[in-house]
Amino acid sequence: MRRLRQFGVRTGALRHHTTGAPGWESLTESERKLIPLVVEGLTNRAVADRLYVSVHTVNTHMKHIFTKLGINTRVELTRLAIERGGIADGAD
């Protein structure tokens, strides 16, 4: 494995890396695009269809959003987005 790492190959599960503090500011543009669709009540499949990405990609983004915001459910995400205001319509 050490030799693989020397060539930049990662093995095993990747840990999520953020460049900033956890919270709204650490969300990527791709993650932010999902939030208004979740607030609308769309399923992960529907979000994937709307954004032309795979369901796996949506699941991964959702997992990262939950981790960064310290939440566990779509209901919590919706509540936070509505409380925050602009994030629900994709604004910062």
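Accessible areas here come from the Shrake-Rupley method with a 1.4 Å probe. On that basis, the accessible surface of the protein comes to about 6500 Å², and 53% of that surface belongs to carbon and sulfur atoms. The model is a predicted one, with a mean pLDDT of 82 for the protein and 70% of its residues at 70 or more. Two stretches call for some care. Over residues 13-20 the pLDDT is below 50, and this stretch has four contacts in the model beyond near neighbours in sequence. The pLDDT is also below 50 over residues 88-92, a stretch with seven such contacts. Where pLDDT is low, the predicted coordinates should not be read in detail.

The secondary structure is quickly told: there are five helices and zero strands, and the pattern along the sequence is α-α-α-α-α. Of the 92 residues, 33% count as buried. Among contacts with a separation of 6 or more, 56% join residues that lie 24 or more positions apart.

Helix α2 is a good place to begin a closer look. This helix spans residues 29-39, and its buried residues are E31, R32, L34, I35, P36, L37 and V38. Their cover includes α3 (44-51), α4 (55-69) and α5 (74-84). Just after α2, G41 takes a positive phi of about 100°.

Some of these elements meet again in the nonpolar interior. The largest nonpolar core has 18 residues, and W24, I35, M62, I65 and L77 are those with the most contacts inside it. Helices α2, α3, α4 and α5 are the elements that give two or more residues to this core. The largest share comes from α4, which supplies five residues. For M62, the contacts outside its neighbours within four places in sequence are with L34, V38, N44, R74 and L77.

The pairing of α2 with α5 can be described in more detail. Two packed helices are described by the angle between their axes and the distance between the axes. The axes of α2 and α5 come within 9 Å and cross at roughly 100°. Because angles of 65 to 115 degrees count as roughly perpendicular, α2 is roughly perpendicular to α5. At the residue level, I35, V38 and V39 in α2 meet R74, L77, T78 and A81 in α5. Two of the residues in this pairing, I35 and L77, are also named among those with the most contacts inside the largest nonpolar core.

Key
Residues numbered from 1 in each chain as written. Predicted model: local features only at pLDDT ≥ 70, side-chain atom pairs only at ≥ 80, totals over all residues. Heavy atoms only, no water. pLDDT = per-residue confidence, 0-100. Contact = heavy atoms within 4.5 Å. Helix = DSSP H or I, 4+ residues; strand = E, 2+ residues; numbered from the N terminus. Buried < 20%, exposed > 50% of the residue type's maximum accessible area, 1.4 Å probe, protein only. Core = buried A, V, L, I, M, F, W, Y, C linked by side-chain atoms within 4.5 Å. Axes fitted to C-alpha atoms, helices over the stretch in contact; angles between N-to-C directions. Parallel < 35°, antiparallel > 145°, perpendicular 65-115°, else oblique.
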